[in-house]
Amino acid sequence: MTRRSSVLAAALWSAAATPAIAQGCETNCAVTMTAPQLLATAERLVAEKRFGEVAPMLAALENAPELDFQRRFLIGYAAVEGGNLDVAVREFRKLLESQPGQTRVRLELARALMLQGKSGAADYHFRLAQGADDLPPEIAATIKASRRLLRDSREFAFNVDVGFAPDSNITNGTSAETVDIAFGNDRIPLTLDDQARQKSGVGQTVGISATARLAIGEQTRLLIESNGNLVNYAGKASDDFFGQLAIGPEFSLSDETRLSVQAVGTQRYYGGKNALRGGGLRSSLTHTLGDNTRAGLTIDARRNESGLNAGNSGWQLGATATAERIIGKSAIASATLFARRDLLKLAAYSGEEFGANLGVGAELPLGIVAGVSGGVSRASYDAPLAIFGPSPRNDWRFNGRVQLGLRSIRLMGFSPSVTYNFSKVQSNLALYKSQRHRVQFVVARYF
């Protein structure tokens, strides 16, 4: 139901919605109305905010399935105006499940979520609505102002997911049983133990992320971001836990540009051992280009200490450039370029990596949320590992990801999703060649 059709229905009420009265009837006459006339009457009553009177009419329209879209829209709109936001969100989400390209419905859903205080979800739908090509200038201006208000007022966000993940290679190891090592001018095969080789398994997963933006000045926020991931397998050898915390100021340089500078701390345990502990600085700049495009640049520098191999301790420097663009009315495309330089204690572990990733995510009919992405990178190292000969390690690394979520199913706010991840390392050293397939089934909630 477009904004124009709603206005026209109300404006043309007197001409199009006059009830048909049986001729010759004077008292106790039956008044009959066609379904379109009943809909027009309901639209008029909603426009006049006579919500109590419109409820039985909307209930009666359940018998006109061809008008179900308009009926649900009016139920949602009346619910927003009457303060029943849960009903409004439910009805608007239901409409978008069948027709994700309906910009007017998405705007009303964003408004309802905004009134509920769900700033992140509201901003997401406002942003998708900006991708419509036919937005009137005044609506586009309202969306921009609403998103600015949401950015300034949003203080907390929290997301959690739990699930399980069948994995073809939980050790991220090679499938080779032996590798050749250099012994003088000769090559001698070395048999690998089970922990160095590819091993499959099924893990239980938990992922948590939280963000807080606290006002400390007119144009300044204290930005606190944290995230953690836990994967638990049978036994202990491949259990993997990672956590990160970043704290620092975020400056609003303009309505379109933000700059943050944060101290970052990381901790990783692998197999129950301290695999990595580090800290440093991270700076991010984001800029909005028009209504449909956002670009960002992140630079970080941190010092890491490895509890598994002292040669992996040292400095890591990185830079990431990203761009996101709304395409159509319900999809977002992204592109990422990254570069990393490792300056570690052992030159054979030091090196650089350059790569790129492309992805697209979209809302589809039936409440399906889908995403697909892929990337490639080139890694080269500064010095050879003596046991493998005179050539330094060089890798081509590939990754792919496909995700399907079903937002039409919600149980206590949780929705199911399944994600397939693929990775492959093509290395000049057999020990580092690997291939991995991982399928993750989770239920996730976004607060």
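This is a short tour of one helix, three paired strands and several salt bridges.

The model is predicted: local features need pLDDT of at least 70 and side-chain atom pairs count only at pLDDT 80 or more, while totals for chains, interfaces and linings use all residues. Residues are numbered from 1 along each chain as its sequence is written, and side-chain values use heavy atoms, with hydrogens and water left out.

**Stop 1: helix α4**

Select residues 51-60, which form helix α4. Helices here are DSSP runs of H or I with at least four residues, and strands are runs of E with at least two, numbered from the N terminus. Within α4, colour V54, M57 and L58, which are buried. These three cover an arc of only 100° around the axis, so they sit on the same side of α4. The arc is taken from the directions from the helix axis to the C-beta atoms. Buried means under 20% relative accessible area, exposed over 50%, and partly exposed in between, with a 1.4 Å probe and protein chains only.

Now add 35-47 and 68-81: the buried residues of α4 pack against these helices, α3 and α5. Contact means heavy atoms within 4.5 Å. On the face of α4 turned away from its buried side, find the exposed residues G52 and P56.

**Stop 2: strands β12, β13 and β14**

Select 314-327 (β12) and 331-344 (β13), which pair in the antiparallel sense over 14 bridges. Two strands pair if DSSP finds at least two bridges between them. W315 stands opposite L343 in β13. Three residues lie between the strands of this hairpin, where G328 takes a positive phi near 65°.

Next add 351-364, strand β14, joined to β13 by twelve bridges and running antiparallel to it. A331 faces A362 in β14. This second hairpin, of β13 and β14, has six residues between its strands.

**Stop 3: salt bridges**

Stay on these strands and show the side chains of E353 and R340, which meet in a salt bridge at 2.8 Å, N to O. A salt bridge is a side-chain nitrogen of Lys or Arg within 4 Å of a carboxyl oxygen of Asp or Glu. E353 is buried at 7% relative accessible area, whereas R340 is partly exposed at 26%. Add D342, R393, D395 and R397 to see the network of salt bridges that links them with R340 and E353.

Finish at D167 and R438, whose closest N and O atoms are 3.5 Å apart in a salt bridge. D167 lies in β3 (156-167) and R438 in β18 (434-446), so the pair ties together parts 271 residues apart in sequence. D167 is buried at 4% relative accessibility, and R438 is buried at 16%. The structure holds 30 salt bridges.
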